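Q: Could you walk me through this model? I would like the strands, the ring contacts and one helix.

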Amino acid sequence: MINLLELTKYFGKLCAVDALTLQVDAGEIFGFLGPNGAGKTTTINMLTGLLRPTSGTATLGGYDIQQQSLQAKAILGLMPDTPQLYEALTGRQFVRMIADLYEVPPRQTENEMGSLLDQLELVDAADDQIKGYSYGMQKKILLISLLVHHPKILFLDEPTSGLDPRSARTVREILRERCEQGCTVFMTTHILEIAERICDRVGIISKGQLIAVGTLSELQQKQRDLQTQSTDVNQQAETLEDIFLDLTADV
């Protein structure tokens, strides 16, 4: 569903993303992890057409994001870490506006929105102006607006930051349900416990380069293999946090 081939981005002499090649399958929740400044947001911006790569290609659902941008953008939804919303609108008005842009039938919009507002405990605030929303509420209403049109691919930058534990758990459950229906999720997070709990696979990027990719068990095995070649044989990296810290220790 998502294919990157030698995707590269330079800002002047700085290589922010270095020849990134990666494939994410339909129905997969893929965690894209890395230290601050590793190239995560730059990669997402290239994949969603917000930033033109220096070289390389990226296709979404078979559509080249640069050559077939309209078709590619029609099947994706993007949640940035900091939502940029129309604060004069109410939450309900905002969701309806986004649904109209994607030509979602009004009856479907109302049904989907009603269910999601209830799941994310936002019913009582749905008719309030967004300018009065907290950061977490803004993220929830943005997620609802994305889910209503049933995108084939969701790009989520820190989807659970700012959410209370109950809402974060609900978001994880909703994402898993959507993936079971065929949606693909490409997400970043600094909360490695969440990535370990929800992601089918993860990729770890450091200094613009993809240094590891796989399931948790595959990464554990890779780390064990590396440790057998090291003089430090007593330390075992079993959790995703352990693996992440080991692989990015020089950052």
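**A hairpin, some rings and a helix**

A: Strand 4 and strand 5 form a hairpin with two residues between them, and in its turn Gly61 has a positive phi of about 60 degrees. Strands here are DSSP runs (E, at least two residues), as helices are (H or I, at least four), numbered from the N terminus. This is a predicted model, in which local features need pLDDT of at least 70 and side-chain atom pairs count only at pLDDT 80 or more, while totals for chains, interfaces and linings use all residues. Residues are numbered from 1 along each chain as its sequence is written, and side-chain values use heavy atoms, with hydrogens and water left out.

Q: How many bridges join strand 4 to strand 5?

A: Two bridges join them, and the strands, the second of which covers residues 63–64, run antiparallel; Thr59 has Asp64 as its bridge partner. Two strands pair if DSSP finds at least two bridges between them.

Q: And which way do strand 1 and strand 4 run?

A: Strand 1 (residues 2–11) and strand 4 (residues 55–60) run antiparallel, joined by five bridges, and Ile2 is partnered with Leu60.

Q: Switching to rings, how many aromatic pairs are there?

A: The count comes to three aromatic pairs, where rings of Phe, Tyr and Trp (its six-membered ring) pair if their centres lie within 6.5 Å, and planes under 30 degrees apart count as stacked, over 60 as edge-to-face and the rest as tilted. One of them is the stacked pair of Phe30 and Phe186, at 5.6 Å centre to centre with 25 degrees between the planes. Phe30 lies in strand 3 (residues 29–33) and Phe186 in strand 8 (residues 184–188), so this pair ties together parts that are 156 residues apart in sequence.

Q: What about Phe32 and Phe186?

A: Phe32 and Phe186 form a tilted pair, 5.1 Å centre to centre and with 45 degrees between the planes. Ring pairs link Phe30, Phe32, Phe155 and Phe186 into a cluster.

Q: Is Phe32 buried or exposed?

A: Phe32 is buried, with a relative accessible area of 0%; buried means under 20% relative accessible area, exposed over 50% and partly exposed in between (1.4 Å probe, protein chains only).

Q: Now helix 3: which residues are buried there?

A: In helix 3 (residues 91–101) the buried residues are Gly91, Arg92, Phe94, Val95, Ile98 and Ala99. They cover an arc of only 160 degrees around the axis, which puts them on the same side of helix 3; the arc is that of the directions from the helix axis to the C-beta atoms.

Q: And what does the face turned away carry?

A: That face carries the exposed residues Asp100 and Leu101.
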